[in-house]
Amino acid sequence: MIIHLIRHTAVQAPGICYGHHDVPLADTFAAEAAQLLAKLPPAPAGGYRAFSSPAARCRALADAVTSNYALDERLREMHFGAWENRLWTDLPRAETEPWMADYVALAPPAGETFGALQRRAAAFLAELAAGAPGADEGPVLVFTHGGTIRALLCHCLEMPLRNAFQLRIDYASVTKIEQQHGKWNVLATNG
């Protein structure tokens, strides 16, 4: 089973802290969606097996690719709590500086840690791999976010989460992973 982790297209949210908050898509959505379609393998006869974050930016891309997908809360971006939908420059430095020094273990006020994001996303991945009926029937598409994909790649590569942002995950990119003999392999990123 090859899993295609697909990041949503570009958004219009300059300087905004957003995670769970829905932000508008950039005007480039149609072009980005068309380019993404060209990167994906053809859909099998029964259609893709597909999953999406409930965020509108992920659902819009999922809708452009397939008419049949399941929503899963575990695929959401990190929850920034009280910082959601605020300009990064307006956030109190007394809160952001300690968080930036240890975002893996520290949460924004009323938010979640990056470690918590990884645990829920990895639980989704483990469940998908364990109950993979029809795994040989074609690729699995997962429409999600940059932070979620980075957290999953750290999980798959057994890489420390503090290094997650060394990984470049472009908008409308595809990162392919597969599990063989109980070990995750990263086949391609930003494809």
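In this predicted model, F124 is buried (under 20% relative accessible area with a 1.4 Å probe and protein chains only, where over 50% is exposed and values in between are partly exposed), with a relative accessible area of 3%. F51 also counts as buried, at 16% relative accessibility. A search of the whole structure finds 10 aromatic pairs, a pair being two rings of Phe, Tyr or Trp (its six-membered ring) whose centres lie within 6.5 Å, with planes under 30 degrees apart termed stacked, over 60 edge-to-face and the rest tilted. The rings of F51 and F124 form one such pair, and because their centres are 5.4 Å apart and their planes stand at 75 degrees, the pair is edge-to-face. Since F51 belongs to strand 3 and F124 to helix 4, the pair ties together parts that are 73 residues apart in sequence; helices (H or I, at least four residues) and strands (E, at least two) are DSSP runs, numbered from the N terminus. The rings of F80 and W88, with centres 5.7 Å apart and planes at 85 degrees, are likewise edge-to-face. Of these two residues, F80 is buried at a relative accessible area of 9%, while W88 counts as partly exposed at 29%. Ring pairs further link F80, W83, W88, W99, Y103, F114 and F165 into a cluster.

Residues are numbered from 1 along each chain as its sequence is written. Local features need pLDDT of at least 70 and side-chain atom pairs count only at pLDDT 80 or more, whereas totals for chains, interfaces and linings use all residues, and side-chain values use heavy atoms, with hydrogens and water left out.

Helix 4, which carries F124, comprises the 17 residues 114–130 and reaches 24 Å from its first C-alpha to its last, close to the 24 Å expected at 1.5 Å a residue, where the expected span is 1.5 Å times one less than the number of residues. The buried residues of this helix are F114, G115, L117, Q118, R120, A121, A122, F124, L125 and L128. They pack against strand 1 (2–7), strand 3 (49–52), strand 6 (140–144), helix 5 (146–157), strand 7 (174–180) and strand 8 (183–188).

The largest nonpolar core (a set of buried Ala, Val, Leu, Ile, Met, Phe, Trp, Tyr and Cys residues joined through side-chain atoms within 4.5 Å) has 31 residues, of which I3, L5, F114, L125, V142 and I177 touch the most other members. Strand 1, helix 4, strand 6 and helix 5 each supply at least two residues of this core. When neighbours within four places in sequence are left aside, I3 is in contact with L125, L128, V140, V142, T175, K176, I177 and W184, contact meaning heavy atoms within 4.5 Å. A second, separate core of 14 residues includes A33, L36, A50 and V174. In soluble globular proteins, nonpolar side chains tend to be buried together.

In helix 3 (residues 93–101), T96 counts as buried at 7% relative accessibility; beyond its neighbours within four places in sequence, T96 is in contact with W83 and L91. The charged end of R7 sits over the ring of Y171, 4.0 Å from its centre, under the criterion that NZ of Lys or CZ of Arg is within 6 Å of the ring centre and within 35 degrees of the ring normal.

Two residues other than glycine show a positive phi: N85, at about 65 degrees, and A172, at about 55 degrees. Most residues other than glycine have a negative phi. N85 is placed in the loop between strand 4 (70–71) and strand 5 (86–87) and is partly exposed, with a relative accessible area of 42%, whereas A172, in the loop between helix 5 and strand 7, is buried at 4% relative accessibility.

At the level of the whole chain, the secondary structure comes to five helices and eight strands, which follow the pattern β-β-α-β-α-β-β-α-α-β-α-β-β along the sequence. The radius of gyration of the chain is 16 Å, in agreement with the value near 16 Å for a compact globule of 191 residues, when taken over C-alpha atoms and compared with a globule rule of 2.2 Å times the number of residues to the power 0.38. The C-alpha trace spans about 55 × 40 × 25 Å along its principal axes. Buried residues make up 46% of the 191 residues, and among contacts between residues at least 6 apart in sequence, 68% join residues at least 24 apart.
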